Amino acid sequence: MSALSFNPLAAVLLIPACATVLLAVLPSYRLSARLNVLASLLTLLSAVSLLVDRPAPSQFLMVDDLNVVFIVLSTLVGFTTSVFSASYIAHEIEIGRLSPASLRFYHAMYQVMMLGMNLALVANNIGLMWVAIEIATLSTVLMVGIYRTPEAIEAAWKYFILGSVGIALALFGTILVYMAARPVVGEGLDGMTWTLLIQRVALFDPALLNVAFVFLLLGYGTKVGLTPLHAWLPDAHAEGPTPISAVLSGLLLNVALYALLRFKILLAANPGAIAPGPLLVTMGLTSLVFAAFMLYRRRDIKRMFAYSSIEHMGIIAFAFGMGGPLANFAGLLHMTMHSLTKSAIFFSVGHISQIKGTQKIADIRGLTVTHPVLGWGLVLGVVAIAGMPPLGIFTSEFLVVSSTFARQPLLALPLVLGLLVGFGALFLQLGAVAFGEPLGSRAPAKASHVPMFAHLALVLVAGIYLPGPLVAWFQHVARILG
Amino acid sequence: MGQFDFDVAHLLAGGLVLISLTMLYQDRLYALIRVFALHAFVLALSVAWQAAIQNAAHLYITAAIALVFKGIIIPVALHRIMVRLGIHREIETVVGIGPTMLAGIGLVALSMVVMLRVTAEADSLAREDLAFALSVVLLGLLLMVTRRNAVSLVVGFMSLENGLILAATGAKGMPLVVEISVAFSVLIAFIVIGIFLFQIRERFDTVDVGALDRFRGERR
């Protein structure tokens, strides 16, 4: 391949990098909002082209069947969120909540975050992956604190400290993996290159790998938001700008989970190492049940959906922990559906809280009357996230539950309990918000509804009919995950 | 590798654990920061020694970062922040010194047991280094949970990170060590700037429940 020809892998990284520089210098926020959308669209297109044209793995970067799913999903949500963000920030400028200077910063950080996440996903080196996740985290910390209110700074600070400790533990785990690999693979970069590690992992010292995985689980698990390491997540979701809540839930949690999955594959390929599955199952179930109960007494609408994200990350971690083709398939599908649905919900919640001027659930009432489009969008999103048929999450939750009943019936009990409790909580809260006596401003919404309904349409289609090639693809990836 | 090389590396790494334990019972912020500067200085020596015996020139950069950034710049900046926030006279005792020290000793013992057992096949220098590094990491975490002041939180995090750098340099031939230490320096710089700009004085555990409700956005 000549140097001039189009290289989609480089494009996925270079487009956000160049866009960051441009957005950092452009003064006009209208222009930068459009540029942000354009850059995200181009990144999405390059990511899609990775599906057909896949470069061979190099020492630092690689694309395989597993991560290409994550890349396409995260660039897709990155693009739709940038569209939503454009209309969201126009309103924030109008009411003077954000200044043009901080918006310039916001847009530049948005692309830094996309760069960090894409780099983490395509990294073939476990050290590089660690650095990339740190970049993505730092940029989101800065965006969470962008409103400069005491609450926002508080949330950003908490996220920062907990995220830093998490990232430090993950690094210790990464060093231990290198220590385990060094006698077998050799010194230097080879000892951290994932494609080389996976070939020879059966010969690694299992005891060292076990300890490494514990650190990686604690470290990256903090970023996934698994209970008891989730404390940063609700604050970061509630106090930051809503587009950031959407990408945190839809993307960043997935990227951290992806890092965990990579190491799970490593451990599974070593005959002497502990099975990583039960650890993930335990943390997943704890998160699911804990978050489901926490959903009841939420008074802030964004915090409520943040807890719902913890619940769903719990389900996904549980499914991947169960392992096997069916549960892995369900986990992948659930991850995709959750990303799409949760970001759609945040798109709707973002506009709603802007119009009503509050995030308090008690002050948001009767949305289907005051704002039918947004209100029904929210209803549809909550129906989807609660796992009602015929939407996509029903399919994936059904698969998780049925595969658990088939293999570990006892584990299915807390799983179903968590799902039902969460289900009840969401509908209890939704009832008043959507259908209660109308409260608050009736000002028309200057919102772009396209991203929200595009996501919900995808979720609906996936619930009714999953295209054959997609099923085959997911089944193939599920087999890789073991 | 000669016995002397090993002994010096062992001495320096053990010295880091000792200084970490010393930090646990500093109840004055000034003293804590001075002890941390010593911690960074010993880390720089240890990394430089590893660079010499491993013939790894790039590790000298990591040693220089440890010495200049963490040994000098950050302590000076933290001093200035303390004066600015008016917390330079504060004494903090969240948990008693006795229990903290006992917990610290327990953590050191734990990391020795865990690391020496699982690294039975690695060479002796790397084994000892990892065991010491894990002790420093855990002691850093302990420091972070027993303090409530933002400045001592940062000192705890930095000593934790020193443990990571010790582990990374002890793992012979590990790539990206310099990049990782630069990444960490950026992270720490952000934290320190954050404290400075937003005047964050304390961690979030406050006895005022009303404040807690406000922070959580839960008040009706």
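In the predicted model, R54(A) forms a salt bridge with D65(A), with 2.6 Å between the closest N and O atoms. R54(A) belongs to the loop between α2 (29–49) and α3 (65–94) of chain A, whereas D65(A) is part of helix α3, so the pair ties together parts that are 11 residues apart in sequence. The two partners fall into separate accessibility classes: R54(A) has a relative accessibility of 30% and counts as partly exposed, while D65(A), at 16%, counts as buried, because the limit for a buried residue is set at under 20%. Over all chains, the count of salt bridges comes to 7.

A further salt bridge within chain A involves R303(A) and D235(A), whose side chains meet at 3.8 Å, N to O. This pair is counted because the N to O separation is within the 4 Å limit. R303(A) lies in helix α12 (residues 301–322) and D235(A) in helix α9 (residues 232–239), so parts of chain A that are 68 residues apart in sequence are tied together by the pair. Both partners are buried, R303(A) with a relative accessible area of 2% and D235(A) with one of 5%. Through salt bridges that share partners, K158(A), D235(A) and R303(A) are joined into one network.

Between the chains, a salt bridge links E187(A) to K172(B), with an N to O separation of 3.7 Å. On the chain A side, E187(A) is located in the loop between α6 (150–185) and α7 (194–200); on the chain B side, K172(B) is located in the loop between α6 (150–170) and α7 (177–198). Each of these loop residues is partly exposed, the relative accessible area being 43% for E187(A) and 35% for K172(B). The interface of chain B and chain A holds 1 salt bridge by the rule applied, and the pair of K172(B) and E187(A) is a salt bridge between these chains.

The contact between the chains draws on 47 residues from chain B and 46 residues from chain A. About 4,100 Å² is buried between chain B and chain A, and 76% of this area is on carbon and sulfur atoms. Polar contacts between the two chains number 4 residue pairs, counted where both residues have pLDDT 80 or more. On the side of chain B that touches chain A, at least two residues each come from α4 (97–118), α5 (124–146), α6, α7 and α8 (209–216) of chain B. Helix α7(B) gives the most to this side, with 9 residues. By residue class, the side of chain B that touches chain A divides into 35 nonpolar, 3 polar and 9 charged residues.

Aromatic pairs number 14 over all chains. Among them is a tilted pair of W130(A) and F184(B), with 5.3 Å from centre to centre and 50° between the planes. W130(A) is placed in helix α5 (residues 126–144) of chain A and F184(B) in helix α7 of chain B, so the pair joins two chains. Both rings belong to buried residues: W130(A) has a relative accessible area of 0%, and F184(B) likewise counts as buried at 0% relative accessibility. Helix α7 of chain B thus holds F184(B) and gives 9 residues to the side that touches chain A.

Within chain A, F305(A) and F346(A) form an edge-to-face pair, with centres 6.4 Å apart and planes at 75°. F305(A) lies in helix α12 and F346(A) in helix α13 (residues 324–356), so the pair ties together parts of chain A that are 41 residues apart in sequence. F305(A) and F346(A) are both buried. Helix α12 of chain A accordingly carries F305(A) of this aromatic pair as well as R303(A) of the salt bridge to D235(A). In addition, F84(A), Y88(A) and F347(A) form one aromatic cluster.

F105(A) is found in helix α4 (residues 100–122) of chain A. With a relative accessible area of 31%, F105(A) is partly exposed. Apart from its neighbours within four places in sequence, F105(A) is in contact with L142(A) and I146(A). The C-alpha atoms of F105(A) and S82(A) are separated by 15 Å, the two residues being 23 residues apart along the chain.

Conventions:
Residues numbered from 1 in each chain as written. Chains lettered and ligands numbered in written order. Predicted model: local features only at pLDDT ≥ 70, side-chain atom pairs only at ≥ 80, totals over all residues. Heavy atoms only, no water. Helix = DSSP H or I, 4+ residues; strand = E, 2+ residues; numbered from the N terminus. Buried < 20%, exposed > 50% of the residue type's maximum accessible area, 1.4 Å probe, protein only. Contact = heavy atoms within 4.5 Å. Buried area = accessible area lost by both parts, 1.4 Å probe. Polar contact = N/O pair within 3.5 Å; in protein donor to acceptor, adjacent residues only side chain to side chain. Nonpolar A, V, L, I, M, F, W, Y, C, P; charged D, E, K, R; others polar. Phe/Tyr/Trp six-rings, centres within 6.5 Å; stacked < 30°, edge-to-face > 60°.
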